[in-house]
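Got your viewer open? Let's take a short walk through some aromatic rings, one selection at a time.

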Amino acid sequence: MLKLYKYFILTLCVLIAGCNNLRDTVVKKLSDDKPYSTSVQKPTYPKIRTPKGADKLDLEVPLRCFVNWNTQPMISTIPYNLRAFDLVRNGNNDILPRFEVNGFSFDTMPAEKALLKLTKEADIKLVAKDAPYASISADNLRGELTEVIDVITDAAEIYYAYNASSKTLRISRKANFSLYVPQSRPILLAILDVLRGAGITEFTADFDDYTITFDADFELKNRISNLIGYFEENPILIAYDVRVFTLYPHNKQDVDWQSLFGTFNVDSVKSAKSGVLGRILTTSNDININSLDTFLGGMAKVVPIAEGKFIVPNQWFSRFDIGKCANTASVESHLSLLAKSSFEQGNKIFANITLEGKNGEITQFDIRNKLGENLLIIGIPNEIFGIDSPKSETIVFMVPRIIKTLKTTKHLENNM
């Protein structure tokens, strides 16, 4: 079936079992005496843990958990290099031997078994890291060995890497990638927030060379590739500066939010919308971080829990884990903000904002505000966290801003 490559002729006709639903195909493991290797599990140490001081080290905190409330431009522009985004697979992958494949066929076979059948004649050892994989079929595959292996692995949505010195082909569901992003910290934070908003939390960010490294299967790789493409075509970012407080009323009664109108002008509160729990207000900048602190200080003990910033690419979901920037180990530090935002005509921002705890969603709001208006979530009773006494509630103050990204071919220095 295999002979030394002399001429390049490629005629491919691949029949994929299940066509578009390979991932749903039920496949059985090969017998225990299968002639290929599987990965060896690393040892575990159940009674030994990394000390908390080392475990809590987070390079993201100095960038994310600082807000300059006195200098907040409503609209800013960040230039970035036109060719800045690059998704690169890590690790060595040597060139496969130059064999020609003539008429390789198989019917409804797990991909690892098909590859074993193909590589055995080429005297290549196969290592299947996390088999079994999807079952596929192929008829009369012809061409160079590399081309045929590419077709089989793409159809089964698996990756491969070849080691020429040991003549070993390793296949697995996941591969390690690095995403190189523009040398801009807001853009880097935006990508991190979007990954978290999509439920992707296992990655390593390098704030010196502006890379995000992660393991990905085919589905995750495609999602990140789509994010890159969308980001380049929609260069608007909505940034939110956030501060979270806990209020302990002096009289142990509810905070009298109606008294806002005795302190501020009537038109300082633009709208108030109720959620399943709590309410969200849109306010003028008369109600800012300083005036709000003064107003609340007359009725309650105000305890800052956390402050920081997160960034939402236009029409995407982003996630801000408040505990990352929390000053205390309080139960409120388990809160997260999930936002999907879009910048509309007339300098308006539409947002779906969800407040989540460790047990899931607490409340959510759909809200539209003008640029220059602030958001204030009030009335989240701390009973939701299991705290009945003393009486307290959590509030979230948010200032939306717009960041416009601009492609350029010029070399750029790091910018904040």
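Start by selecting Tyr159. This residue is buried, with a relative accessible area of 7%. Keep in mind as you look around that the model is predicted.

Now add Phe218 to your selection. Phe218 is buried too, at a relative accessible area of 15%, which falls under the 20% cut-off for that label.

Before going on, zoom out for a moment: searching the whole structure turns up nine aromatic pairs. Tyr159 and Phe218 form one of them: the ring centres sit 4.8 Å apart and the planes meet at 40°, so this pair is tilted. Colour by secondary structure and you'll find Tyr159 in strand β7 (residues 159–163) and Phe218 in helix α6 (residues 218–233), so the pair ties together parts that are 59 residues apart in sequence.

Next stop: select Phe177 and Phe214. How are the planes of these two rings arranged, stacked or tilted? Their centres are 6.3 Å apart and their planes lie at 25°, so this pair counts as stacked. Distant parts of the chain are linked here as well: Phe177 belongs to strand β9 (residues 175–180) and Phe214 to strand β11 (residues 211–216), 37 residues apart.

Switch on a surface, if you like, and check how hidden these two are. Phe177 is buried, with a relative accessible area of 3%, and Phe214 counts as buried at 4%.

For the last view, show Tyr159, Phe177, Phe214 and Phe218 together. Ring pairs link these four residues into a cluster. Rotate the view and trace the tilted pair of Tyr159 and Phe218, then the stacked pair of Phe177 and Phe214.

Note on methods: Residues are numbered from 1 along each chain as its sequence is written. This is a predicted model: local features need pLDDT of at least 70, side-chain atom pairs count only at pLDDT 80 or more; totals for chains, interfaces and linings use all residues. Side-chain values use heavy atoms; hydrogens and water are left out. Rings of Phe, Tyr and Trp (its six-membered ring) pair if their centres lie within 6.5 Å; planes under 30 degrees apart count as stacked, over 60 as edge-to-face and the rest as tilted. Helices (H or I, at least four residues) and strands (E, at least two) are DSSP runs, numbered from the N terminus. Buried means under 20% relative accessible area, exposed over 50%, partly exposed in between (1.4 Å probe, protein chains only).
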